[in-house]
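Please open the model in your viewer and keep the selection tool at hand. We will go from one selection to the next, pausing at each to see what is there.

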Amino acid sequence: MAYMLQALIAKSGGFPDQLPEPLQLIQLQAGLNMVPLTSAALKFLGLPLQPLTDEGQGELPESLAALCAKLSAKSRVCYIEAEYFGGAGTQAHSLFDQGSQLGSPLVANDAINKALQFLGVAKGEALDEFDAVGLGLQRETDRWLA
């Protein structure tokens with residue numbers, strides 16, 4: 001079974017009040033908001049699809065890094081991506097705070113959990129942080145807005 005996600009996540013109230021078109025905000029569990037980078041949003045904004053996990057880049061492309069920096073002007077924001085098919089795949093994150101990227105992106109099997117920990121998420125009774133915020137509710141980025 002396939003799973004693909006490309007999004008930005010912040011604590012509730014962490015994103016600017018006005019998001020660039022056509023980005024949309026949705027609520028996750030554990031007091032987080034997510035901006036799914038849908039295929040329509042990527043095309044409209046001229047952003048790449050899965051640059052860290054699919055394209056294997058070591059750094060975020062400038063256009064994506066600039067968007068993340070802009071949306072992190074007042075709080076911590078995590079850029080995340082994941083791609084799995086038939087049990088094989090990986091995850092990645094890049095962390096931003098107060099408009100600046102913090103270090104290099106991380107590509108690892110637990111990259112999204114580490115990003116969520118950066119935002120203060122605790123797994124509690126859930127399997128992990130990914131499960132605690134409900135990121136398994138949809139298996140494809142575009143479906144988050146369906």
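**The end of helix 3**

Begin by selecting G120, which follows helix 3 and has a positive phi, near 95°. Helices (H or I, at least four residues) and strands (E, at least two) are here DSSP runs, numbered from the N terminus. Please bear in mind that this is a predicted model, in which local features need pLDDT of at least 70 and side-chain atom pairs count only at pLDDT 80 or more, while totals for chains, interfaces and linings use all residues. Residues are numbered from 1 along each chain as its sequence is written, and side-chain values use heavy atoms, with hydrogens and water left out.

**Helix 3 itself**

Now select residues 111-118, which make up helix 3, where six of the eight residues are buried (under 20% relative accessible area, with exposed meaning over 50% and partly exposed in between, for a 1.4 Å probe and protein chains only). Colour A111, I112, N113, A115, L116 and F118 to see these buried residues.

Stay with L116, which counts as buried because its relative accessibility is 1%. Leaving aside neighbours within four places in sequence, L116 is in contact (heavy atoms within 4.5 Å) with I9, L32, V121, E129, F130, V133 and L135. If you add C78, you will find its C-alpha atom 7.9 Å from that of L116, although the two residues are 38 apart along the chain.

Next, select F118 together with R76, and look for the charged end of R76 over the ring of F118, 4.1 Å from the ring centre; a charge sits over a ring if NZ of Lys or CZ of Arg is within 6 Å of the ring centre and within 35 degrees of the ring normal.

**The sheet**

Show the strands now, and follow an open sheet of six in the order 2-3-1-4-5-6, with antiparallel pairing (two strands pair if DSSP finds at least two bridges between them). Strand 2 (26-27) and strand 6 stand at the edges with a single partner strand each, so one side of each has no neighbour in the sheet. Select strand 4 and strand 5, which run antiparallel and are joined by ten bridges; Y79, for instance, has S94 in strand 5 as its bridge partner.

**Helices on the sheet**

Finally, select helix 2 (residues 62-71), which packs on the sheet and touches strand 1, strand 4, strand 5 and strand 6. Among the buried residues of helix 2 are L64, L67 and L71.

Methods: Axes fitted to C-alpha atoms, helices over the stretch in contact; angles between N-to-C directions.
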